[in-house]
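Q: I'm new to this one. Could you take me through its largest pocket, and then show me the chain around that pocket?

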Amino acid sequence: MRTPDLTLSYGPLPEHVVDVRLPAGAGAAPLVVVVHGGFWKAEWDRSHTAPQSAGLAAAGYVVATVEYRRVAMPGGGWPGTFDDLALLTDTVPGLVAEAFPGRVAPGRTVLVGHSAGGHLAAWVASRHRLPAGSPWRRATQPTVGVVSLAGVLDLRLADRLGLGGHATRALLGGTADEVPQRYAVADPAGLLPTGVPTVLVHGSRDEAVPLEVSEAYRAAAAAAGQDVGLRVLDGLDHMALVDPASPAWPTVLAAIAEAQA
């Protein structure tokens, strides 16, 4: 498996790192930021995205695979995970462009998140929808696109379904009834419309994050006046979406191209 071309630090902590893989050739290419999943749990880190990241580089993208603090790590969960995602999305594109002059094409960065990473990618793209007092709010809509691969895009629904052993409760410190103010600023389904090009990809046989989660987010977006694409892959499961050798891969690449346009 291809190793990163360079690992950069985007902040002061050991977890504040990003692996960069370049496409073949010497010209500029679009930037894709990969946000890994694992229900925000410490035992899942970016290492399992190596095949996905290498596959995206082989497809012609500059790929930045980010790490962040997770539940059961010092400072992880609420609010540290969100601190890290806000920091990395504000800094990583510039750091990569500075490290590799002339290799990052101008234009829209695409955030590609799988599972819990899909939640985080959608969340950072909605930071301009946060209330004025939030430390994570940004004043303007970011120039990004989002591709959610079986993303946990509706935290209230995910909690009701008990996904990941009630992983949302571990992330936010309770249920939506117990900590409603946290769900209000952490749940992408409640921060619509974003105005950000967004494409969802989901396997019909996903048992870790059921298809209904993406369907619920798409419906919430439509109710808010935003058209969000949903590509349902018949017969495919949760991990197929990050496997370059799976039948899902052409759809994933097409979704990235659509979100980048």
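A: Let's begin with what the word means here: a pocket is an open set of grid points where a 1.4 Å probe fits, with protein on both sides within 12 Å along at least five of seven lines, and its lining residues have an atom within 4 Å of a point. Keep in mind that you're looking at a predicted model.

With that in hand, the largest pocket has 14 residues in its lining. If you want to find its centre, look for Thr89, Pro93, Arg138, Pro142 and Val144, the lining residues that lie nearest to it. Two elements each give two or more residues to this lining: α2 (80-99) and β5 (109-114). Of these, α2 supplies the largest share, with 4 residues.

What's the lining made of? Sorted by kind, there are 8 nonpolar residues, along with 3 polar and 3 charged ones. As for room inside, the pocket holds about 180 Å³ of space.

Now step back to the chain. Its secondary structure adds up to 8 helices and 8 strands. The radius of gyration is 17 Å, close to the 18 Å that the globule rule gives for 261 residues, so the chain is as compact as a globular protein of that length. Along the principal axes, the C-alpha atoms fill a box of roughly 50 × 40 × 35 Å.

Buried residues account for 56% of the 261 in the chain. Take the contacts between residues at least 6 apart in sequence: 74% of them join residues at least 24 apart. On the outside, the accessible surface is about 10000 Å², and 54% of that belongs to carbon and sulfur atoms.

Methods: Residues numbered from 1 in each chain as written. Predicted model: local features only at pLDDT ≥ 70, side-chain atom pairs only at ≥ 80, totals over all residues. Heavy atoms only, no water. 1 Å grid on protein atoms, 1.4 Å probe; cavity = no way out; pocket = protein on both sides within 12 Å on 5 of 7 lines; lining within 4 Å. Points joined across faces, edges and corners; volume = space filled by probe spheres on them. Nonpolar A, V, L, I, M, F, W, Y, C, P; charged D, E, K, R; others polar. Rg over C-alpha atoms; globule rule 2.2 N^0.38 Å. Buried < 20%, exposed > 50% of the residue type's maximum accessible area, 1.4 Å probe, protein only. Contact = heavy atoms within 4.5 Å. Areas by Shrake-Rupley, 256 points an atom, 1.4 Å probe, with all protein chains shown as cover.
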